[in-house]
Amino acid sequence: AEHIATFNKCHTKVVCKEIRKTEQLAGLDGLVIPGGESTVMLKLLKEFEMFDAVRTFGTSGMPFFGTCAGCILMSRSIDVDAAMAQSIDPNQRTLDLADYSVTRNAYGAQVHSFECDLQGDKAIFGDTPCRAVMIRAPMITRAGEGTETLLAHTHEDKGTTPVLLRQGNVLACTFHPEITGDARIHEYFARMASAHALPYTLPK
């Protein structure tokens with residue numbers, strides 16, 4: 001609901017609908033996977049037999065946007081150290097839609113969530129910083145060739161890492177832009193979808 005409300009603020013006209021079945025992917029200009037719990041999302045994608053269909057949507061070149069858990073699901077791989085392996089599946093499957101790796105809950109538990117201001121490319125974001133809300137946020141630990149960092153964050157312990165990254169048709173965001181009232185990142189994705197022009201056709 002928050003994503004839909006944010007898209008409704010965009011200058012680019014956007015018609016949103018929630019997707020629960022593979023056949024509902026037909027005719028879309030783009031797809032958003034929101035925040036939440038990535039393992040639960042993965043389980044539901046498998047139970048509803050949508051994992052392969054959603055992955056094909058992305059690999060076909062359709063605009064694809066993921067925030068927080070969505071960013072995790074779209075990654076090539078998830079970095080899990082020995083300590084994390086006790087609570088996080090080191091073999092968690094991903095959609096593998098872009099060449100980057102993530103660490104889940106990189107900044108700690110819920111109590112370690114935080115907000116920060118980020119200054120990006122003025123041609124995209126203008127002069128006003130973007131407010132990033134990091135709620136049990138993942139961290140992009142590796143960004144491969146062909147990726148473009150649109151926003152980065154410097155953490156006193158973690159260093160500087162991408163928090164908004166693009167590779168072709170894929171836009172990955174580690175935070176929650178939908179809950180600040182700022183529609184600039186959604187506007188950017190809406191323009192990606194509009195520029196793609198051709199709605200999605202289900203494979204035969």
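Begin by selecting Leu95: beyond its neighbours within four places in sequence, Leu95 is in contact with Ile33, Phe51, Val54, Arg55, Phe64, Leu73, Met74 and Ser75. The model on display is a predicted one.

Keep Leu95 visible and add Val54, Phe57, Phe64 and Tyr100. Together with Leu95, these residues have the most contacts inside the largest nonpolar core, which has 30 residues. To see where that core draws its members, colour strand 1, helix 2, helix 3, helix 4, strand 4 (100-103) and strand 10 (170-173), the elements that give two or more residues to the core. Among these, helix 4 gives the most, with 5 residues. Apart from this core lies another, of 23 residues, whose members include Phe7, Cys116, Ala132 and Leu150.

Next, turn to the aromatic rings. The structure holds 4 aromatic pairs. In one of them, the ring centres of Phe57 and Phe64 lie 6.1 Å apart with the planes at 70 degrees; an angle over 60 degrees counts as edge-to-face, so this pair is assigned to that class. Both Phe57 and Phe64 are buried. Then select Phe7, Phe65 and Phe189, which form one aromatic cluster. Phe7 has already appeared on this tour, as a member of the core of 23 residues.

Now move to helix 2 (residues 38-47), and select Ser38, which is found in that helix. Is Ser38 buried or exposed? Its relative accessibility is 2%, and residues under 20% are classed as buried, so Ser38 counts as buried. Display its surroundings: setting aside residues up to four places away in sequence, Ser38 touches Ala69, Ile72, Leu73, Gln92 and Arg104. Leu73 is also one of the contacts of Leu95, where the tour began.

Extend the selection along the helix to Met41, Leu42 and Leu45, which are buried in helix 2 along with Ser38. Why can these four be assigned to the same side of helix 2? Around the axis they cover an arc of only 100 degrees, which places them on the same side. Show strand 1 (31-33), helix 3 (51-59) and helix 4 (69-74) as well, since what covers the buried residues of helix 2 includes these elements.

Rotate the view to the face of helix 2 turned away from its buried side. The exposed residues Lys43 and Glu47 are carried there. Finally, follow the chain past the end of the helix to Glu49, which comes after helix 2 and has a positive phi, near 55 degrees.

Technical notes:
Residues are numbered from 1 along each chain as its sequence is written. This is a predicted model: local features need pLDDT of at least 70, side-chain atom pairs count only at pLDDT 80 or more; totals for chains, interfaces and linings use all residues. Side-chain values use heavy atoms; hydrogens and water are left out. Buried means under 20% relative accessible area, exposed over 50%, partly exposed in between (1.4 Å probe, protein chains only). Contact means heavy atoms within 4.5 Å. The arc is that of the directions from the helix axis to the C-beta atoms. Rings of Phe, Tyr and Trp (its six-membered ring) pair if their centres lie within 6.5 Å; planes under 30 degrees apart count as stacked, over 60 as edge-to-face and the rest as tilted. A nonpolar core is a set of buried Ala, Val, Leu, Ile, Met, Phe, Trp, Tyr and Cys residues joined through side-chain atoms within 4.5 Å.
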